Amino acid sequence: MWTEGRVIERIDWNSKLFSLRIAAEIAPFIAGQFIKLSQVRDDKRIARAYSLVNAPGTDYLEILAVAVDQGQLSPDLQSLQPGDSISVTDKATGFMTLDEIPKGELQGRHLWFLATGTAVGPFLSMLDTQEPWQRFDKVVLVYGVREVQDLAYLDKIRGYQQTYHEQFVFVPSVTREDFDGALRCRIPDGLQSGEIEAKAGLSISAKDSQLMLCGNPGMIQGATAALIDKGLAKNLRRAPGQITVEKYW
């Protein structure tokens with residue numbers, strides 16, 4: 001189950017938010033899936049799940065994490081330096097993947113990614129593949145954070161805007177301070193008020209939209225309720241819908 005990984009790079013986005021690039025041999029994975037990282041302390045293995053930010057086929061694994069005060073693992077991860085070792089599960093898992101989105105007439109034309117904080121990670125992995133761009137006319141990333149410094153990977157996201165400028169829509173929302181071009185609302189509130197649709201220049205509907213939600217439980221619950229009010233339904237294998245969710249803790 002566990003394989004040894006080696007840190008090859010650490011990126012510090014702010015004093016708590018960071019990314020790790022890790023060299024490790026794991027089985028092929030699907031964009032959107034997660035691995036577990038772990039350390040053994042006092043003969044007890046402490047493990048936590050982290051979505052992969054990198055696309056399948058890269059020669060490293062990349063995770064985005066926040067060091068939680070009193071956390072059992074995240075502060076230690078933040079202290080890792082290039083060359084340090086960390087245990088990694090040898091297989092990724094999870095169902096927050098584009099494979100779970102209905103195809104054909106049920107797919108719709110627009111794909112919406114709604115993320116808070118570090119939960120943007122799996123969506124970046126998907127955006128680095130060709131599948132969303134080939135399947136959908138428009139791809140929208142709604143990225144909610146508290147402060148501007150919490151917006152990780154902005155250069156990468158700006159790159160999508162340049163490459164797919166007619167297809168990609170970026171809607172940042174920073175709730176505690178102003179940021180050029182960003183909303184200042186929680187994602188559920190922005191869905192209820194229509195601010196997010198107005199900013200994206202697209203309407204959300206059961207006919208045209210697929211939405212993938214990943215983030216804190218409050219966002220998931222509130223956004224799901226707002227979307228159901230708009231006539232959308234949860235996407236289940238036995239009953240395809242438009243709302244696919246993954247709670248990030």
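User: Why does glutamate 62 count as buried or exposed, whichever it is?

Analyst: This is a predicted model, and in it glutamate 62 has a relative accessibility of 3%. Buried means under 20%, so glutamate 62 counts as buried.

User: What makes the contact between arginine 21 and glutamate 62 a salt bridge?

Analyst: The closest N and O atoms of arginine 21 and glutamate 62 are 2.8 Å apart. The cut-off is within 4 Å, for a side-chain nitrogen of Lys or Arg and a carboxyl oxygen of Asp or Glu, so the pair qualifies as a salt bridge. It also links distant parts of the chain: arginine 21 is in strand β2 and glutamate 62 in strand β5, 41 residues apart.

User: How do you know that glutamate 9 and arginine 21 form a salt bridge too?

Analyst: Same kind of check: the N to O value for glutamate 9 and arginine 21 is 3.5 Å, and the limit is within 4 Å, so that pair passes as well. Glutamate 9 sits in strand β1 (residues 2–12) and arginine 21 in strand β2 (residues 17–23), so this bridge ties together parts that are 12 residues apart in sequence.

User: What makes Glu9, Arg21 and Glu62 a network?

Analyst: Arg21 is bridged to Glu9 and also to Glu62, and that links the three in a network of salt bridges.

User: Why are glutamate 9 and arginine 21 called partly exposed?

Analyst: Glutamate 9 has a relative accessible area of 33%, and arginine 21 comes in at 24%. Partly exposed runs between the buried cut-off of 20% and the exposed cut-off of 50%, so both residues land in that class.

User: What about lysine 16 and aspartate 69: what makes them a pair?

Analyst: Their side chains meet at 2.8 Å, N to O, and the limit is within 4 Å, so they form a salt bridge. Lysine 16 lies in the loop between β1 and β2, and aspartate 69 in the loop between β5 (61–66) and α1 (74–78), so the bridge ties together parts 53 residues apart in sequence. Aspartate 69 has 54% relative accessibility; exposed means over 50%, so it counts as exposed. Lysine 16, at 34%, is partly exposed.

User: How many salt bridges does a search of the whole structure find?

Analyst: The search turns up 13.

User: What makes up the lining of the second largest pocket, by class?

Analyst: It has 7 nonpolar, 2 polar and 3 charged residues. Among the lining residues are Phe95, Glu100, Lys234, Asn235 and Arg237, and the pocket holds about 230 Å³ of space.

Conventions: Residues numbered from 1 in each chain as written. Predicted model: local features only at pLDDT ≥ 70, side-chain atom pairs only at ≥ 80, totals over all residues. Heavy atoms only, no water. Helix = DSSP H or I, 4+ residues; strand = E, 2+ residues; numbered from the N terminus. Buried < 20%, exposed > 50% of the residue type's maximum accessible area, 1.4 Å probe, protein only. 1 Å grid on protein atoms, 1.4 Å probe; cavity = no way out; pocket = protein on both sides within 12 Å on 5 of 7 lines; lining within 4 Å. Points joined across faces, edges and corners; volume = space filled by probe spheres on them. Nonpolar A, V, L, I, M, F, W, Y, C, P; charged D, E, K, R; others polar.
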